[in-house]
Amino acid sequence: MRRKPPKQLLSRVCRPTRLVRANKRRGATVVEMAVVAPVFFILVFAMIEFNRVMMVRQALTDSARAGCRTAILATTQDVQRAEDAVRDYMAPFVSSANDASVCRVTFSPSDLSVIERGTEITATVNVDCADVSWIFLGYMENKTLQSEAKMNRE
């Protein structure tokens, strides 16, 4: 009957083979990481940027509604008051919301003092994607985010 060698002897004999295999695998792991990491980070940053654009689009919609609600009131005689409501709402989302070249707000009709009850008022808000982007991505360079709200004068 043959005796088994002690475990200590087996571990000493097998250890160099394991180390060689581990060192070879370590190089493959580095190469895999070098290939996968850029793709992973591009996907993460693209998700962040996409969510930022969706958040700003929703803010544009809400700000157009806020401005239109202000404009339809019978007590509002000036477009400036409604425009201020839009810019106040957009301020947390767009850092330069008070700049007329960045956050463009238009009302139609533009003279609120002469319109009658029941007349439709349209508020339009435009912002360029390049002005709200946290990460510069070339595919969004010439795109504009726009929102519009329509309500009838009280």
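The following exercises, each with a worked solution, cover one predicted protein model.

Because the model is predicted, local features need pLDDT of at least 70 and side-chain atom pairs count only at pLDDT 80 or more, while totals for chains, interfaces and linings use all residues. Residues are numbered from 1 along each chain as its sequence is written, and side-chain values use heavy atoms, with hydrogens and water left out.

**Exercise 1. Describe the helices and strands of the chain, and their pattern.**

Step 1. Helices (H or I, at least four residues) and strands (E, at least two) are DSSP runs, numbered from the N terminus.
Step 2. The chain has 3 helices and 3 strands.
Step 3. Along the sequence, these elements follow the pattern α-α-β-β-α-β.

**Exercise 2. Work out how the strands are arranged in the sheet.**

Step 1. Two strands pair if DSSP finds at least two bridges between them.
Step 2. Strand 1 and strand 2 (residues 120-128) run antiparallel and are joined by 6 bridges. Within strand 2, asparagine 126 stands opposite arginine 104.
Step 3. Strand 2 and strand 3 also run antiparallel, with 9 bridges between them. Here glutamate 120 has asparagine 152 of strand 3 as its bridge partner.
Step 4. The result is an open sheet of 3 strands in the order 1-2-3, with antiparallel pairing. Strand 1 (103-108) and strand 3 (144-152) each have a single partner strand, so they stand at the edges and one side of each is left without a neighbour in the sheet.
Step 5. On average, and with direction ignored, neighbouring strands of this sheet are turned by 15° against each other. Such angles run from 0 to 180 degrees between N-to-C directions, and the axes are lines fitted to C-alpha atoms, for helices over the stretch in contact.

**Exercise 3. Determine how far strand 2 is enclosed, and which helix lies across it.**

Step 1. Buried means under 20% relative accessible area, exposed over 50%, and partly exposed in between (1.4 Å probe, protein chains only).
Step 2. In strand 2, 7 of the 9 residues are buried, so this strand is largely enclosed by the rest of the structure. For the chain, buried residues make up 29% of the 154 residues.
Step 3. Helix 2 lies across strand 1 and strand 2, and runs at about 145° to strand 1.

**Exercise 4. Place arginine 87 and proline 92, and decide whether each is buried or exposed.**

Step 1. Arginine 87 is found in helix 2 (residues 79-90), whereas proline 92 lies in the loop between helix 2 and strand 1.
Step 2. Arginine 87 counts as buried because its relative accessibility is 6%. Proline 92 has a relative accessible area of 65% and is therefore exposed.
Step 3. Contact means heavy atoms within 4.5 Å. Leaving aside neighbours within four places in sequence, arginine 87 is in contact with Ala97, Asn98, Asp99, Ala100, Cys103 and Val105.
Step 4. Proline 92 and alanine 59 are 33 residues apart along the chain, and their C-alpha atoms are separated by 9.3 Å.

**Exercise 5. Find how many disulfides the structure holds.**

Step 1. A disulfide is a pair of cysteine sulfur atoms within 2.5 Å.
Step 2. Searching the whole structure gives 0 disulfides.
Step 3. Cysteine 68 is buried, at 0% relative accessible area, and cysteine 103 counts as buried at 0% relative accessibility.
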